[in-house]
Amino acid sequence: ALMLACLGLAGSLVQMTILFWVGLAVTAWHLAMQVYWLDIDDAAQCLKLFRSNRNTGLIVAATLTLGIF
C-alpha cells in the first residue's frame, strides 16, 4: 500500500497523464490478486506468487514509461 501511495504522490507531483493512473490501478489489482491467492501452506503457490513479482516490476516500469505520454 505504501508503494502505491508513494507512486501516486510522485505521479501527482509531476502531473503524469491518465495512462499512469490506469497503470497504477492495474498494479494495485495485481498486488491485490497476489494477496487474494496467497495460501501460506502451499509452497508451490507461494513460489508462483513470488515469481509473479517480476510482473509487478514490469507493470510499474510500463506505468512510469507510459505516464509521460
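This is a short talk on the fold, the core and the surface of one protein chain.

Good morning. One caution before we start: this is a predicted model.

Let's take the overall picture. The protein chain has four helices and zero strands. Read from the N terminus, the order is α-α-α-α. How far does the C-alpha trace span along its principal axes? About 45 × 20 × 15 Å. The chain has 69 residues, and 26% of them count as buried. About 5000 Å² of the chain is exposed. Carbon and sulfur atoms supply 73% of that area.

Now, contacts along the sequence. Take the contacts between residues at least 6 apart in sequence. Of these, 58% join residues at least 24 apart.

Next, the inside. Here is a general point. In soluble globular proteins, nonpolar side chains tend to be buried together. Which residues make up the largest nonpolar core here? There are six: L4, L7, M16, F20, L24 and V60. Two elements give two or more residues to this core. They are α1, residues 2-13, and α2, residues 18-37.

Look at L4 for a moment. Set aside its neighbours within four places in sequence. L4 is then in contact with L24, T27, A28 and L31. L24 appears in the core list too.

Now turn to the surface. There is a nonpolar patch out there. Its members are I18, L19, W21, V22, V26, L66, I68 and F69. Together they have about 800 Å² of accessible area. Which helix gives the most to the patch? That is α2, with five residues. So α2 takes part in both places: it gives two or more residues to the core, and it gives five to the patch.

Pick one patch member, V26. V26 lies in helix α2. Is V26 buried, partly exposed or exposed? V26 has a relative accessible area of 39%. Buried means under 20% and exposed means over 50%. V26 falls in between, so V26 is partly exposed.

Try the reasoning again with A62. A62 lies in helix α4, residues 53-66. Its relative accessible area is 35%. That value is also between the two cut-offs, so A62 is partly exposed.

One last distance. A62 and L31 are 31 residues apart along the chain. Their C-alpha atoms are separated by 16 Å. And L31, remember, is one of the contacts of L4.

To recap: four helices, a six-residue nonpolar core, and a nonpolar patch on the surface. Thank you.

Key
Residues numbered from 1 in each chain as written. Predicted model: local features only at pLDDT ≥ 70, side-chain atom pairs only at ≥ 80, totals over all residues. Heavy atoms only, no water. Buried < 20%, exposed > 50% of the residue type's maximum accessible area, 1.4 Å probe, protein only. Contact = heavy atoms within 4.5 Å. Areas by Shrake-Rupley, 256 points an atom, 1.4 Å probe, with all protein chains shown as cover. Core = buried A, V, L, I, M, F, W, Y, C linked by side-chain atoms within 4.5 Å. Patch = residues over 30% accessible without salt bridge, like charges linked within 9 Å, V, L, I, M, F, W, Y side chains within 5 Å. Salt bridge = Lys/Arg side-chain N within 4 Å of Asp/Glu carboxyl O.
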